[in-house]
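Q: I am new to this structure and would like to learn how to read it one feature at a time. Could we begin with the surroundings of a single residue and then move outward?

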Amino acid sequence: MDIKELWVNCLSEIELGISKANFTTWFKNTSIIKEDAGTLYIGVPNEFVRDWLYNKFNKLILKTLISHEESIRSVEYVIQKHENVNKNNDSEVIKQITNINKELPLNDLYINRDDNLNPKYNFNSFVVGPFNELAYAVAQAIITNPGKNYNPFFVYGGTGLGKTHMIQAIGNIIKTNYPNKKVYYVSLERFAIDYINSIQNKNPNSFKEKYRKYDVIIMDDIQFISGKDKTQEELFHLFNTLYENNKQIIFSSDKHPNFIQGLEDRLQSRFASGMTVQIVEPDYESRVAIIKAKFEQTNCIVSDDVVSYLASALEGNIRELEGSLNTIICQSQLKNKSLGLVEVKTLIKNNIKPKKNVAIKDIVKIIADQYGISEEIIYEKTRRKEIVRARQVAMYILREDFNISYPLIGQKLGGRDHTTVIHSHLKIKDDLKTDPSLLQEIEKIRIMFK
Ligand code: ADP
Ligand code: MG
């Protein structure tokens, strides 16, 4: 690898993604020093730039580097004094520090080369609440007895809810508790690339051997298997081999196996054959606990009313919540004081999304449109087959995706009894198991709500 060229390529890519001021201040005076065992050493003019690159841009830099050269694992910033350092540079740097919201230090990128596990993911800092307690309990059972309980473990849920954190933590703990067990974490995308490379290099056996030697395989974001037929085939055989040998298999996905588009039946049934658990968005009390934990970890002191305010304002996923908290923590560190409610509100006002508030009527309209029928007919008593199907799908989606109660759905959909709604919900759920075209219909509708 030509590291000079690598760095130039990365710089030109980074430049496209950030503001000119940012680029000039932080990246202009960097240089490449050397590469050693996957670590790239980058020269920087001073401490300010070093800390700033580390705290604010490390992730971006690493990601960009890896996209060009996959053997890169980490980056170190080394101060190199140059004679001709621009005198104005430091004042420019200070200006930038006050202008940009700093992110928390990311001492999180020391990924182990052998197993891809990141030691920052553990259960010490992991908040358990009703939203994830079942998955957590399963995780604990697996740790006690890998390969014996709950195999495979399939954890699914929306983005930023802690799937990667949880499955990596399982890997980290098994690794510590059972030094003889070989643990391996891989994203589905990486797995697919590995497979393709092995075919291109005419060495499919090396791929097979590699993946069959592990005692615990953790595969993240398995939903990306959609449309990758050959990878599915390979995964199917790998699964069987591992499973028959009591090796622990853990999957994560953003959806239930039944809803992964284009997933072969045999894989779908294998995925769901062990323990399938959903992680949902954290409830208010869990958000309070998460917020408190994050503040404590960074020694940031805030009052209870700030915590309550944040917990009610910042709904949704934990990753976004962390983003807002980081802004507050950094401001508090910069100002060297604890922030009050008004300051906090001003700081994060742009992060608060209007609450998702879709009217039932609008949902029904979208579904009726998809089926090419009029909205009114859904509310009426018509029992024509295609209308019944659209109506049942509407009930199913209202319940499944919008969590609306059975009685309310019945009431809004032409004053029907709640038992009718339950029946429709179950009917569609059942049909989905055998009817892939129905799944496609529903996925098409779901896209309209994204
Ligand atoms: P996903 O893989 O589901 O998209 P991640 O595992 O990447 O989500 O989690 C997003 C962020 O939220 C991470 O920084 C993670 O450490 C944090 N996080 C997730 N769940 C919890 C939790 N229960 N307690 C504390 N932090 C959490
Ligand atoms: Mg993830």
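Q: Is Ile14 buried or exposed?

A: A residue is called buried when its relative accessible area is under 20%. In this predicted model, Ile14 counts as buried because its relative accessibility is 2%.

Q: Where is Ile14 found, and with which residues is Ile14 in contact, leaving aside its neighbours within four places in sequence?

A: Ile14 belongs to helix 1, which covers residues 3-17, and, once those sequence neighbours are set aside, Ile14 is in contact with Phe23, Phe27, Leu60, Ile61 and Thr64. As for Asn29, which is 15 residues from Ile14 along the chain, the C-alpha atoms of the two are separated by 14 Å.

Q: How should I read a helix, taking helix 11 as the case, and what should its residues span?

A: An α-helix has 3.6 residues a turn, so residues three or four places apart point the same way. Helix 11 has 14 residues, 284-297, and at 1.5 Å a residue these should span 20 Å, which agrees with the 20 Å between its end C-alpha atoms.

Q: Which residues of helix 11 are buried, and against what do the buried residues pack?

A: The buried residues are Ser286, Arg287, Val288, Ile290, Ile291, Ala293, Lys294 and Phe295, and the buried residues of helix 11 pack against helix 12 (304-313) and helix 13 (318-335). After helix 11 comes Asn299, which has a positive phi, near 55°.

Q: In what order do the five strands of the open sheet stand, and which strands are at the edges?

A: The order is 5-6-7-4-8, with parallel pairing. Strand 5 (183-187) and strand 8 (275-278) are at the edges, and each has a single partner strand, so one side of each lacks a neighbour in the sheet. From one strand to the next, the twist averages 15°.

Q: How many bridges join strand 4 to strand 8, and which helices lie across strands of the sheet?

A: Strand 4 (residues 153-156) runs parallel to strand 8 and is joined to it by four bridges; Val155, for instance, has Val277 in strand 8 as its bridge partner. Helix 6 (residues 163-177) lies across strand 4, strand 5, strand 6 (216-220) and strand 7 (248-253), at about 160° to strand 5, while helix 9 (residues 229-244) lies across strand 6 and strand 7, at about 140° to strand 7.

Q: How many disulfides are there?

A: A disulfide is a covalent bond between the sulfur atoms of two cysteines. With a cut-off of 2.5 Å between the sulfur atoms, the count here is zero. Cys300 is in no disulfide, since the nearest cysteine sulfur, that of Cys330, is 9.1 Å away, and Cys300 is buried, with a relative accessible area of 9%.

Methods:
Residues numbered from 1 in each chain as written. Chains lettered and ligands numbered in written order. Predicted model: local features only at pLDDT ≥ 70, side-chain atom pairs only at ≥ 80, totals over all residues. Heavy atoms only, no water. Buried < 20%, exposed > 50% of the residue type's maximum accessible area, 1.4 Å probe, protein only. Helix = DSSP H or I, 4+ residues; strand = E, 2+ residues; numbered from the N terminus. Contact = heavy atoms within 4.5 Å. Expected span 1.5 Å × (residues − 1). Pairing = 2+ DSSP bridges. Axes fitted to C-alpha atoms, helices over the stretch in contact; angles between N-to-C directions.
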